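Biologist: I should like to understand the terms used for this structure. Please explain how each one is justified.

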Amino acid sequence: MLRCCALLTMLVLSSFAYSQSGRRAKGTTAAAPPPEVTDPKPKPAAPEEPPPVTAEKNQEYRCTEDGTLARILETDPVDEPVVSTKEVDVRLVITAKPAPAYTREARRNGIEGRVTLKVLFSASGKIARVKVLKGLPAGLTENAIRAACKIKFKPAMKAGQPVAQWLNAEYVFRLSDSSIFTP
């Protein structure tokens with residue numbers, strides 16, 4: 001009887017050791033033979049895409065509808081009068097400021113810091129221009145510009161009319177705030 005209890009106890013305790021730990025065993029499968037290549041079809045020529053814009057300090061960019069950046073090459077004047085913060089009756093109100101994404105390259109290289117942008121908030125309620133005051137490498141400046149282009153705001157008012165205004169926007173990149181699960 002004592003042997004039977006000892007054997008039963010040993011079986012119960014050993015079953016815990018062999019129970020599944022949450023990981024599944026890798027199945028072994030036979031390697032499939034490589035597919036035979038027969039007359040590869042040539043791919044149609046893709047339309048030439050312009051190279052991605054690399055943001056540089058003291059350069060101005062405009063936001064585009066498709067999310068790409070366009071560098072403003074000429075220093076053409078702004079179409080609307082720009083008013084300083086001290087001259088407005090009602091200050092500009094930012095209603096939504098999206099956070100920029102961390103790039104894989106920057107995360108891999110451990111790059112942290114601040115991107116400072118000078119943003120022209122137009123009277124029409126859209127971002128007109130973005131100028132880089134302080135940037136970071138590995139695509140972080142470009143992502144900050146793209147995030148700045150998505151800022152939602154109510155324009156500043158002077159004498160009851162909406163007016164354009166330059167303001168600085170700062171984006172902080174910290175690896176501790178970044179998730180490894182986001183692109």
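Modeller: Let us begin with the strands of this predicted model. Strand β4, residues 113–121, is joined to β5 by 6 bridges, and the two run antiparallel.

Biologist: How do you know that β4 and β5 pair?

Modeller: Pairing requires at least two bridges between two strands. β4 and β5 have 6 bridges, therefore they count as paired. Within this pair, F121 stands opposite I127, and L120 stands opposite R129. The hairpin of β4 and β5 has 5 residues between the strands, and G125 takes a positive phi near 95° there.

Biologist: Why are β1 and β5 called paired, and in which sense do they pair?

Modeller: β1 and β5 have 2 bridges, and the cut-off is at least two, so the pair qualifies. The sense is antiparallel. Y61 has V130 in β5 as its bridge partner.

Biologist: What makes β4 and β9 a pair?

Modeller: β4 is joined to β9, residues 165–173, by 9 bridges, so the requirement of at least two is met. These strands also run antiparallel, and V115 stands opposite Y171 in β9.

Biologist: Which residues lie nearest the centre of the largest pocket?

Modeller: They are C63, T64, E65, I127 and C149, from a lining of 20 residues. The elements giving two or more residues to this lining are β1 (60–63), β5 (127–134), α3 (140–149) and β6 (152–154). The volume of the largest pocket is about 490 Å³.

Biologist: Why does C63 count as a lining residue?

Modeller: A lining residue has an atom within 4 Å of a pocket point. C63 is one of the lining residues, so C63 has such an atom. The lining divides into 7 nonpolar, 6 polar and 7 charged residues.

Definitions and conventions: Residues numbered from 1 in each chain as written. Predicted model: local features only at pLDDT ≥ 70, side-chain atom pairs only at ≥ 80, totals over all residues. Heavy atoms only, no water. 1 Å grid on protein atoms, 1.4 Å probe; cavity = no way out; pocket = protein on both sides within 12 Å on 5 of 7 lines; lining within 4 Å. Points joined across faces, edges and corners; volume = space filled by probe spheres on them. Helix = DSSP H or I, 4+ residues; strand = E, 2+ residues; numbered from the N terminus. Nonpolar A, V, L, I, M, F, W, Y, C, P; charged D, E, K, R; others polar.
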